[in-house]
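Me: Here's a model I'd like to understand better. Could you take one part of it and walk me through that part closely, strand by strand and then outward to whatever sits around it?

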Amino acid sequence: MDLKSSHTAPVLTDPAPISKSRLGVHSSLLPYSPPGAFSSDLFLAIPRKKTGVLDDVRANSWLDAMKASSPPHKKMAKESINEVGSPDKDVAYRTWLLQYPSALASFEQIMNCAKGKRIALFLDYDGTLSPIVDNPDCAFMSDAMRAVVKKVAKYFPTAIISGRSRDKVFEFVRLTELYYAGSHGMDIMGPVRQSVSKDDPDNIRSTDEQGKEVTLFQPAKEFLPMIVEVFHSLVENTKEIKGVKVENNKFCVSVHYRNVEEKYWATVAQCVDEILKQYPRLRLTHGRKVLEVRPVINWDKGKAVMFLLESLGLSNCDDVLPIYVGDDRTDEDAFKVLREGNCGYGILVSSAPKESKAFYSLRDPSEVLEFLKSFVMWKQSSAL
Ligand SMILES: [Mg+2]
């Protein structure tokens, strides 16, 4: 992870997949004149004069990261049908599996480590429980996936940790058995924490949809008005770019470019950069075909995992095995916490070789489904 300091707001860039060469994109970084499809409004929002070297360097890192974070979603999968049979790709993937073994193939080994331990399960949503789709509003999980997550939650404390707003991810999942952390862990609804003072402003006692008492933890609460402001500015600034979708995720804003033609990605980056320059307390992170603007606070999915473990009374316990399954750059914070704490396993969902702090891998959500089914069967058979 490179921390680029050429901007007032730090920029976290995504490392390129191992098999993908870095793209030389310098010429495309020059502010280009989009074809007639764009109105003059766009040119008001985007400076057309040539940017300085520093700007080019920054834009280069953004574009590089945007290209590196391209997910193998269904449209790309169609384009790369030949890749399935490509010996080079197969060899690269199989070689990568030596470093990040399949969690399905290694299931017995994982369960051997889990013997006598209490498992806590953390699941990302997009690209993990649901496929990456063209319209982020339609990232529905299958009934089969919902059924198996419900069963898993019956046996193990289970939480969803997503970049989406907590309400949005709950709308997709609709299971009251789970704990939910939205906005990359900046909006957590978890179990009541007995150890917390009632005067702590970040921890609010609340009730969930079932009337059950819960703790609401929102460490970036003060940023709410700023995020709303930035959301509206981003909608306005990107409205002429075909395919862009700006999503208000409560404590962060996502700018999806998965439906934007690649030749316009530089324009997307420039629009976001123009806004970010005005908000030094916000920063940019890269997800899968999404730029995310979020508060500069010391909080991420890794911290959210530790918070939830503590809330569940499972932190600092030798007999606990946390398992985190996710596909995104932001999930790496959770993988890192588990790896460095030597206290659990990260499982990266990826169909392409990628550097990761995870221990294991699964190819796609269909393998996640099989993995969760194995969990349920293992628990049911061990209870016999
Ligand atoms: Mg994801």
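Reply: Let's start with one pair of residues: Leu123 has Val325, in β13, as its bridge partner. Keep in mind that this is a predicted model. The two strands involved, β3 and β13, run parallel and are joined by six bridges.

Zoom out a bit and you'll find both strands in an open sheet of nine, with mixed pairing, ordered β7-β8-β6-β5-β4-β3-β13-β14-β15. The edges are β7 (203–207) and β15 (360–362); each has a single partner strand, so one side of each has no neighbour in the sheet. From one strand to the next, the twist averages 20 degrees. As for what holds such an arrangement together, strands of a sheet pair through backbone hydrogen bonds, either parallel or antiparallel.

Now for the metal. The magnesium ion has three protein donors, Asp124 (OD), Asp126 (O) and Asp327 (OD), at 2.1 to 2.2 Å from the ion. Written as a sequence pattern, the spacing of these donor residues is D-x1-D-x200-D. Asp126 sits in the loop between β3 (118–123) and α8 (143–155), while Asp327 sits in the loop between β13 (320–326) and α13 (332–340), so this pair ties together parts that are 201 residues apart in sequence. If you're checking accessibility, Asp126 comes out at 16% relative accessibility, which is under the 20% cut-off and therefore counts as buried. Asp327 counts as buried too, at 1%.

Follow the chain past the Asp126 loop and you get to α8. Its 13 residues should span 18 Å at 1.5 Å a residue, and the end C-alpha atoms are 19 Å apart, which agrees. Several of its residues are buried, namely Met145, Arg146, Val148, Val149, Val152 and Ala153. What do the buried residues of α8 pack against? They pack against β3 itself, along with β4 (158–161), α9 (166–173) and α14 (365–382). That brings us back to the strand we started from, β3, which is bridged to β13.

One more spot, if you want another loop to look at: Val260 lies between β10 (253–256) and α11 (265–276). Val260 is buried, at 6% relative accessibility. Its C-alpha atom is 6.0 Å from that of Val244, although the two residues are 16 apart along the chain. Setting aside neighbours within four places in sequence, Val260 is in contact with Val244 and also with Ile241, Lys242, Gly243, Trp265 and Val268.

Technical notes
Residues numbered from 1 in each chain as written. Predicted model: local features only at pLDDT ≥ 70, side-chain atom pairs only at ≥ 80, totals over all residues. Heavy atoms only, no water. Donors = N, O, S within 2.8 Å, 3.2 Å for Na, K, Ca; no water. Helix = DSSP H or I, 4+ residues; strand = E, 2+ residues; numbered from the N terminus. Buried < 20%, exposed > 50% of the residue type's maximum accessible area, 1.4 Å probe, protein only. Contact = heavy atoms within 4.5 Å. Pairing = 2+ DSSP bridges. Axes fitted to C-alpha atoms, helices over the stretch in contact; angles between N-to-C directions. Expected span 1.5 Å × (residues − 1).
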